[in-house]
Amino acid sequence: MKVLCITDHELLPDEHITDMAYKNWKKSFLYSVRAMSALKPEAVILREKLLSGIDYTDLFTAVKKQESPYGTHLIWHDHYEALTLFMKYHPKSEWPDAVFFSRREAGGLSIINLRHMKLRFGLTVHDVNELADAKIEHTPYILASNIFETSCKPGVKPKGLHFLKEVCTEFHNPVYALGGITPENASSCLEAGAAGVAVRSLCMADDLRELGQLIEM
């Protein structure tokens, strides 16, 4: 099964990790990403919103360097201004394999510019209005969220498989199901038309057996 791994350093297996500065959790984070990459997911989305642009660039560069042996696709998440500077001062060989937007456009880096640079991008879709935006922008891939109950959005009612099926029917590029995905419910997402799934908690766990099960399905 095609699986996108979404990182979140706050889920690292250390109860004090959220109190640590970036330099203190970086090593543990790199180890965690290396472990998930060894299972050969389709890609890793480096989603670290709390970092400054400078620290995010440093982390992206470190992950990119260590992921080379695994051939893991690495996706840059948000941090628009830092991405602009990164692409300006780094050769294309060091650019991310794709970028991901938590919203349609921000920081002066427009989708038109990304398309001109031939940089693949993705968007999150939570409702029919965002789906319409994704269709207008001819977005190469999207994440439909949240399909099931998820700890990432406590108290938020899941959209369900009906929503996922509607999105997959209306959108003609790959759709990945996001939110509460487990080995037990992942197949139902594919049956609804999804090209794959995206996971956060499973890929940051100390025990990656469930992530491995997903990838092997």
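Two strands pair if DSSP finds at least two bridges between them, where strands (E, at least two residues) and helices (H or I, at least four) are DSSP runs numbered from the N terminus. Keep that in mind for this tour of a predicted model, in which local features need pLDDT of at least 70, side-chain atom pairs count only at pLDDT 80 or more, and totals for chains, interfaces and linings use all residues. Residues are numbered from 1 along each chain as its sequence is written, and side-chain values use heavy atoms, with hydrogens and water left out.

**The whole protein**

Start with everything on screen: nine helices and eight strands. Of the 217 residues, 49% are buried (buried means under 20% relative accessible area, exposed over 50%, partly exposed in between, with a 1.4 Å probe and protein chains only). Among contacts (heavy atoms within 4.5 Å) with a separation of 6 or more, 59% join residues 24 or more positions apart.

**Strand 1 and its partners**

Select residues 3-6, which form strand 1. In a regular strand the side chains alternate between the two faces of the sheet. Here V3 and C5 point one way, L4 and I6 the other, and all are buried.

Now add strand 8, which runs parallel to strand 1 and is joined to it by three bridges. Look for L4 opposite A198. Then add strand 2 (residues 43-46), also parallel to strand 1 and paired with it over three bridges; here C5 has V44 as its bridge partner.

**V44 and T7**

Stay on V44, which is buried because its relative accessible area is 1%. Its C-alpha is 8.8 Å from that of V3, although the two are 41 residues apart in sequence. Beyond the neighbours within four places in sequence, the contacts of V44 include C5, T7, M36 and L74.

Next, pick T7, in the loop between strand 1 and helix 1 (22-37). Is T7 buried or exposed? T7 is buried, since its relative accessible area is 0%. With neighbours within four places in sequence left aside, T7 touches, among others, F29, V33, R47, E48 and M204.

**The largest pocket**

Show the surface and look for the largest pocket, with a volume of about 460 Å³. On a 1 Å grid over the protein atoms alone, a pocket is an open set of points where a 1.4 Å probe fits, with protein on both sides within 12 Å along at least five of seven lines; lining residues have an atom within 4 Å of a point. Grid points are joined across faces, edges and corners, and the volume is the space filled by probe spheres set on the points.

Of the 26 lining residues, I6, S145, C152, L178 and R200 are the closest to the centre. Strand 8 (196-199) and helix 8 (201-204) each supply at least two of the lining residues.

**Backbone stops**

Most residues other than glycine have a negative phi, and most peptide bonds are trans. Which peptide bond is cis, with omega near -20°? Select S145 to N146; N146 sits in the loop between strand 6 (141-144) and helix 6 (160-170).

Then visit D78, whose phi is positive, near 50°. D78 lies in the loop between strand 3 (73-77) and helix 3 (80-89) and counts as buried because its relative accessible area is 10%.

Finish at H138, with a positive phi near 55°, in the loop between helix 5 (128-136) and strand 6. H138 is exposed, with a relative accessible area of 61%.
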